Amino acid sequence: MIIQTKEISKRFGEIIALDAVNFEIEAGEVVVIIGPSGSGKSTLLRCLNGLEKTDSGEIVIDGIKLDKDKSSIHKVREELGMVFQEFNLFPHLSVLGNLCLAQEAVRKRSKPDSEKISLELLKKVGLLDKKNSFPNQLSGGQQQRVAIARALAMNPRIMLFDEPTSALDPEMIGEVLEVMKNLAKEGMTMLVVTHEIGFAREVAKRIIFMDQGKIIEEGKTEDILNSPQNPRTIAFLSKVLK
Amino acid sequence: MFLREIINWISFQLHILKNILIFLAPAIPMTIKLTLVAFALALILGLLIGLARLSQRGLIKALSKIYVDVLRGIPLLVQIFFIYFGLGKILNLDRFLAGVIAIAVCYSAYLAEIIRAGIQAIHKGQYQAALSLGMTPYQTMRYVILPQSLRIIVPPVANEFIASLKDSSLVSIIGLRELTRAGREYYSQYFVDFQTWLVVGIIYLVMTLSLSRLVAHLEKKYKVHGYGIPH
Ligand SMILES: Nc1ncnc2c1ncn2[C@@H]1O[C@H](COP(=O)(O)OP(=O)(O)OP(=O)(O)O)[C@@H](O)[C@H]1O
Ligand SMILES: [Mg+2]
């Protein structure tokens, strides 16, 4: 198991964002999380890489137990790449600067090394010609592809995606999903929050359905999509698939 | 005949102005030095206090808030008196040092608030992105947040810099011979008030206007792509 959570819970005041969540992911698996707004999907991803602290429960990532001390959070973050809905590129740095910054600051790579790696990744996401552009000069789809490349530059073992295409115009969704599909084919372990059911159908091995901070249903992709059991899953899917 | 008198009058006035300028000139470096040293110190203090205001730790946060509230709430002139006559006696501070400390401490409170606001204006997604890449909180601040905050911080900080240059004249009250003090000395020797204060004012104006030019340059330099009015 590359990711394992035991009974993790998280409250924000009165709101219970995560309610005793258990799940496991094997290395190389692609798992899609779906669920209505406010169901705790983003909170779950943020807890996995320590951006949010759980109130209780246990998270183990690649054998590292995530606890209060900073070194474990740091080690876990080195294993996990994260891609956000709003891209979150650094606007004051060029595309190349975005890719190189953490490589140099965290991985302690030399400038030539990190540039070489960055250029290879930009080639992979089809944006080599944009290396000197600034984020605001790129389309949403291009920004998200840069964000994926930036996360990959740290050589993570697992990639977390939080609604990576939700902020994109329809014509740009395809190019981002394409990059993600290729990544899945290469065997990357991926945990993806998305409502792109087509993507799930094509690459996800499993689907997890969340509602009100709980995992309501999970199973093989085709089982969940073709014959969901829980009424809430059925109601949600009927809206998404319409 | 009449024209001749006007010319005489003008050349006499110019002569006075020149004398005043010659008298004041040696005091200008002191005003500059006082402002530069005090403001540099204020920036360092302001950054530390501004970061302390954002600290997760309750005590640090509370203490820094008190620091800002107290120092912002007392007139600089009173702070100068307090530091020179009060603390100065105990710590044996000379006039220059007392002036530097008073201005630095007072302005650090304003700067702390500006810097805090500049940091808070940066979207939390930027922290999340930097931290998720494995950067430490320090690296995140240093390489991601502060460079973007500069765009927001530079114009109001520049305002404070210009204000501190003008406020350095208050230190004349404890007898430090800077520009304003020199003006008072000239006046008490020759009793020309209009011309004296005119020249003093113009010298300050020249200095503050040059600073404004410098600021415009800095604003350009720290501009972040994608912000500001498109043109
Ligand atoms: N920092 C926070 N402070 C307070 N409440 C929060 C915070 N983050 C999330 N919440 C609350 O926790 C619940 C779960 O939020 P979360 O963002 O994880 O949901 P989500 O499933 O990602 O929703 P969406 O599909 O809209 O992104 C929501 O009720 C939300 O309002
Ligand atoms: Mg979300």
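Begin this tour of a predicted model by selecting Arg157(A), which is partly exposed, with a relative accessible area of 41%. Keep the residue on screen and add Asp62(A), because the two side chains belong together: they form a salt bridge in which the closest N and O atoms are 2.8 Å apart. Asp62(A) sits in the loop between strand 4 (56–61) and strand 5 (64–65) of chain A, while Arg157(A) sits in the loop between helix 5 (140–152) and strand 7 (158–162) of chain A, so the pair ties together parts that are 95 residues apart in sequence. Asp62(A), at 27% relative accessibility, also counts as partly exposed.

**A second link in chain A**

From that loop, move to helix 5 of chain A and select Arg145(A) together with Glu175(A), whose side chains meet in a salt bridge with an N to O distance of 3.0 Å. This pair links distant parts of the chain, since Arg145(A) belongs to helix 5 of chain A and Glu175(A) to helix 6 (residues 170–185) of chain A, 30 residues apart. Colour the two by accessibility and they fall into separate classes: Arg145(A) counts as buried at 11% relative accessibility, whereas Glu175(A) is partly exposed, with a relative accessible area of 26%.

**A buried threonine**

Staying in chain A, select Thr221(A), which is placed in helix 8 (residues 221–226) of chain A. Is this residue buried or exposed? Thr221(A) counts as buried because its relative accessibility is 2%, and the cut-off for buried is under 20%. Now show the side chain and look for the backbone oxygen of Ala204(A), which lies 2.6 Å from a polar atom of the Thr221(A) side chain. Leaving aside residues up to four places away in sequence, Thr221(A) touches Ala200(A), Arg201(A), Ala204(A), Lys205(A), Arg206(A) and Ile207(A), and displaying these six as sticks will show the surroundings of the threonine.

**Where the chains meet**

Next, show both chains and select the residues at the contact between them, which takes 24 residues from chain A and 21 residues from chain B. The area buried between chain B and chain A is about 1900 Å², and carbon and sulfur atoms give 67% of it. Between chain B and chain A the count of salt bridges is 0, but there are 5 residue pairs in polar contact, with both residues of each pair at pLDDT 80 or more. To see what chain B brings, select helix 6 (124–132) and helix 7 (137–167) of chain B, each of which supplies at least two residues of the side that touches chain A. Helix 6 of chain B gives the most to that side, with 7 residues. Coloured by residue class, the side of chain B that touches chain A has 10 nonpolar and 11 polar residues, and no charged residues.

**A network in chain B**

Salt bridges absent from the contact can be found elsewhere, for the count over all chains comes to 19. In chain B, select Arg72(B) and Asp69(B), whose side chains meet in a salt bridge with an N to O distance of 3.6 Å. Both residues lie in helix 3 (residues 58–72) of chain B, 3 residues apart, which is about one turn of the helix. Arg72(B) is partly exposed, with a relative accessible area of 38%, and Asp69(B), at 36% relative accessibility, counts as partly exposed as well. Widen the selection to Arg53(B), Lys65(B), Asp69(B), Arg72(B), Glu113(B) and Arg116(B), which salt bridges with shared partners join into one network.

**Last stops**

Go on to Glu219(B), which is placed in helix 9 (residues 193–221) of chain B and is partly exposed, with a relative accessible area of 38%. Which residues does Glu219(B) touch, not counting those up to four places away in sequence? They are Val154(B) and Pro155(B). If you then draw a distance from Glu219(B) to Ser108(B), the two are 21 Å apart in space, C-alpha to C-alpha, and 111 residues apart in sequence.

Finish with the cysteines, among them Cys100(A), which counts as buried at 7% relative accessibility, and Cys106(B), which counts as buried at 2%. How many disulfides does a search of the whole structure find? Over all chains the search finds 0.

Terms used. Residues are numbered from 1 along each chain as its sequence is written. Chains are lettered from A and ligands numbered from 1 in the order in which they are written. This is a predicted model: local features need pLDDT of at least 70, side-chain atom pairs count only at pLDDT 80 or more; totals for chains, interfaces and linings use all residues. Side-chain values use heavy atoms; hydrogens and water are left out. Contact means heavy atoms within 4.5 Å. Buried area is the accessible area (1.4 Å probe) that two parts lose on being put together, summed over both. A salt bridge is a side-chain nitrogen of Lys or Arg within 4 Å of a carboxyl oxygen of Asp or Glu. A polar contact is a pair of N or O atoms within 3.5 Å; within protein, one must be able to donate a hydrogen and the other to accept it, and residues adjacent in sequence count only if both atoms are side-chain atoms. Helices (H or I, at least four residues) and strands (E, at least two) are DSSP runs, numbered from the N terminus. Ala, Val, Leu, Ile, Met, Phe, Trp, Tyr, Cys and Pro count as nonpolar, Asp, Glu, Lys and Arg as charged, and the others, Gly among them, as polar. A disulfide is a pair of cysteine sulfur atoms within 2.5 Å. Buried means under 20% relative accessible area, exposed over 50%, partly exposed in between (1.4 Å probe, protein chains only).
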